Amino acid sequence: MFESVCVLILLIVSLVKAASEYDPYKILGVSRSASQAEIKRAYKNLAREWHPDKNKDPKAEDMFIKVSKSYEVLSNEERRSNFDRYGQMDDNQPFGQSQHHGFRSFHNSFYFDESFFHFPRYPEDFADSKYMLQHAQFNSDVLPDSYKRPYLIQVTYESCFACFHIKPVWKEVVKELEPLGVGIGIVDLGYERRLASQLGAHRAPSIIGLVNGRVTFFHQAVVREHLRQFVEDLLPQKLVEKITDNNYMTFLENWHAENKPSLLLFDQVPVVPLLYKLTAFAFRDYVRFGYVDQGETYNSRLLRQFNINTYAPTMLLFKEDTVKPVDIIQARGMKRQIMDEFVSNNKFLQVPRLASQQIFDELCPVKQFHRRRKYCVLLITGEDSAFLPGNKAFLDFATVNKKDVLRFAYVYQRQQQPLCQALFQSQAALSPQVVILERRSQAGKVLFRCVSGGWNGSNEDKYHLHEQLELLQKDPTYLSSDATLPELNNEMAPIFIIQWMNAAYDYILQIYDDLLYSNWSEMMPILSLIFSALFILFGTVIIQAFSEPGENEPRQSKSKTRAPKKDFVEVTELTDVTYTSNLVRLRPGHLNVVLVLTNASKNALLRKFAKEVFSFSGTETLHFSFLNADKHVHWMPSLLRSARQPSHSDEEEESTDYTGHVLALNGHKKYFCLFRPVFTGDDPNDSSSETSFSSDSRRKSRSRSRSSSHSRIEVHHKLDKLGLWMERLMEGTLPRLHVPAWPVLGDAASNTSAES
């Protein structure tokens, strides 16, 4: 008795000592008050040091697992609190149990550590090894196969404790869904980093759904019901149509437009079984699927018409005949293999339409061996109602003369014009024709023969075609012509806009899923890019909103002047007609450079003005005009008075000669820049553009000096410095004279009338 007690005490002491060795704080080398940043830093350093790929120490792998587990506990606040208070690392066990059942709590805590450090690894598990995916295998096999069946993929790695916890649920789901036709895959995050990155999985455990090449992450609790619903939600919504007494005839008669057989499943359950949806997804390109709930009263007429047994699921397959099914299957335990075989044997109509190259390849395969020859009997016909009797007669003939080596089909000439041109040597067939052909290579080479006499569906045509087919089976050299057929047009392909909308919808869903569930640290680069683009966009809008109108306006309008030709610039005259459009309502940001002249100086000043402004005439915002001071005597004095220049009196403005003055007018902002000419008379003081005209005798003398004998020479030099002034105008350094409103253009009489 005493020995037993001693052994028990020694066992307890050894267990306590062993359990104390697994202290996550000691393993990471941090204190109990360490912050999350310190814990993460210590974990990264130790993981880098003890990684098995870099450290060849035999103990490196075990140490790396301990470091990973310690970080998993301490990085989670709930687990860390649980360990600090009770010394246990299993967050699945209620905390209160350790207070009331001390030995059991200790035992469970110790067992948790032992199970973690010795749990079986996925690559070594024989049951899971057949599901392991590699990068090359995924892209060559799994990705193309996802267009026929959905895949459920688990991302894991060896030292993932959470992966070990969900493993029982995963195995249960695999056992249920794999027989239904769902593809299963496992990706080891440690060994297949490239594949995990392609899938967008950066943490374990992760569960991924793959359908039509599109990846979808599972974000709910890992339970069987949620995973099953997740797989069902991956499938397209309109795979199976609900059929009732009201719509079953419409469904069956739609075989002609869809070019597919119709399959009806009768069952007692109100929802479509997942097995049936998966079968419909695999054969959605060949067969149309409908579901009939036998428990609903509004389906009684449908059940009576086809004499359906309500005690077992029943499948009826219809082709061109909507009254009588061509095949029936009924079984209590409907298996996927049985359903696949049933549908595979009935993928095409009795006489399908060659609406794509895929149908042509499967219906009329290329000859490989003599015993596997397949002859394709094509009816080249039209879509109009006038061709319906002949098409119906061809269908009846194909139904009666069905053989394994013969495949009957028809082609719409308007839809497949390249094919018809290759067969008839670019000569259009005015009436329906029958062509017998045999494919010889994937490149499109065929041997063929056109049945003489055409086809109108008469008994003579049927008899003649039957004779031709009999000759073909006796003598394969009967097909005397050859041709190379182009690839068939895909009549069922959606138009480009629909393809684009579907792709955009999938992309938006993917972005929404990433933003809603992804790790924000992983989303920071793309979020930073998005916010930077938004900041630049709204910043530009704000700058334009607070800038002066017209300054930043895009200059998209073309100049009203023509392109300069040699030394010529088009200059328009300011008149009563053009005054409003060229000045008062001038576009924002545009300037009108106006030369003031008289009748006597008009020709000389215009030639000099054109030469001086020629280099600036390519600017789209500059317009060039001239104002005749003899016609509009009071306009310049009125403009200067409204500008309120203190250096000029009213008397000066009335008596000054404005010939050779140039104004840059901004009609929108109501300001102008003024150029005063350089006079070259006898008085040298008159040469400055800043000369003051305060002396009456000076003005009279200068006025007398403008005689007709030398007026041309003086006028010629008045615009000598206009080029420098234009440069300052373009730089924006000229003083601006603002006016409250532009004066009215006209003589004294017109001014008086305008004021009245």
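**Note on charge pairs, the disulfide and some loop residues**

1. Asp720 counts as partly exposed, at 36% relative accessibility. The model discussed here is a predicted one. Asp720 is paired with Lys608: the two side chains meet in a salt bridge, with 3.3 Å from N to O. This pair links distant parts of the chain, 112 residues apart. Lys608 is in helix α25, whereas Asp720 is in the loop between α29 (711–717) and α30 (722–731).

2. Is Lys608 buried or exposed? Lys608 has a relative accessible area of 14%, and the limit for buried is under 20%, so Lys608 is buried. Its partner Asp720, at 36%, is partly exposed.

3. Lys608 also forms a salt bridge with Glu612, where the closest N and O atoms are 3.1 Å apart. Both residues belong to helix α25 (residues 602–613), and because they are 4 residues apart there, about one helical turn separates them. Glu612 and Lys608 are both buried. In general, side chains of opposite charge can pair when their charged atoms come close.

4. How many salt bridges does a search of the whole structure find? The count is 19. One of the pairs is Asp361 with Arg439, whose closest N and O atoms are 2.8 Å apart. Asp361 sits in helix α18 and Arg439 in strand β12 (residues 433–439). With their positions 78 residues apart in the chain, this pair links distant parts of it.

5. The two ends of that salt bridge can be described by their accessibility. Arg439 has a relative accessible area of 4%, and is therefore buried. Asp361 reaches 31% and counts as partly exposed.

6. Which residues are linked in a network of salt bridges? The network consists of Glu172, Glu176, Arg224, Glu225 and Arg228.

7. A positive surface patch should be noted as well. Lys40, Lys44, Arg48 and Lys54 form it. Lys54 is located in the loop between α3 (36–50) and α4 (60–74). The relative accessible area of Lys54 is 64%; exposed means over 50%, so Lys54 is exposed.

8. The number of disulfides comes to 1. The disulfide is formed by Cys364 and Cys376, with their sulfur atoms 2.2 Å apart. The two cysteines are 12 residues apart and link distant parts of the chain. Cys364 is in the loop between α18 (357–363) and β10 (375–381), and Cys376 is in strand β10 itself. The link is right-handed, with 40 degrees about the S-S bond. Cys364 and Cys376 are both buried.

9. Two further cysteines can be placed on the accessibility scale. Cys673 has a relative accessible area of 4% and is therefore buried. Cys450, at 29%, counts as partly exposed.

10. The backbone has a few features to check by eye. As background, most residues other than glycine have a negative phi, and most peptide bonds are trans. The peptide bond from Ala204 to Pro205 is cis, its omega being near -5 degrees. Pro205 lies in the loop between α11 (193–199) and β3 (206–211).

11. Asn212 is a residue other than glycine with a positive phi, near 55 degrees. Asn212 is in the loop between β3 and β4 (214–217). Its relative accessible area is 28%, which means Asn212 is partly exposed.

12. Asn259 likewise has a positive phi, near 60 degrees, and is a residue other than glycine. Where does Asn259 lie? The residue is in the loop between α14 (255–258) and β6 (262–267). Asn259 is buried, because its relative accessible area is 8% and buried means under 20%.

13. The last residue to look at is Ile308, in the loop between α16 (300–305) and β8 (314–318). Ile308 has 11% relative accessibility and so counts as buried. Ile308 and Asp267 are 41 residues apart in sequence, and their C-alpha atoms are 9.8 Å apart in space.

How values were computed
Residues are numbered from 1 along each chain as its sequence is written. This is a predicted model: local features need pLDDT of at least 70, side-chain atom pairs count only at pLDDT 80 or more; totals for chains, interfaces and linings use all residues. Side-chain values use heavy atoms; hydrogens and water are left out. Patches are made of residues with over 30% relative accessible area and no salt bridge: like charges are joined within 9 Å, nonpolar side chains (Val, Leu, Ile, Met, Phe, Trp, Tyr) within 5 Å. Accessible areas come from the Shrake-Rupley method with a 1.4 Å probe; for residues, only the protein chains shown count as cover. A salt bridge is a side-chain nitrogen of Lys or Arg within 4 Å of a carboxyl oxygen of Asp or Glu. Lys and Arg count as positive and Asp and Glu as negative; His and the chain ends are not counted. The place of a charge is taken as NZ of Lys, CZ of Arg, CG of Asp or CD of Glu. Buried means under 20% relative accessible area, exposed over 50%, partly exposed in between (1.4 Å probe, protein chains only). A disulfide is a pair of cysteine sulfur atoms within 2.5 Å.
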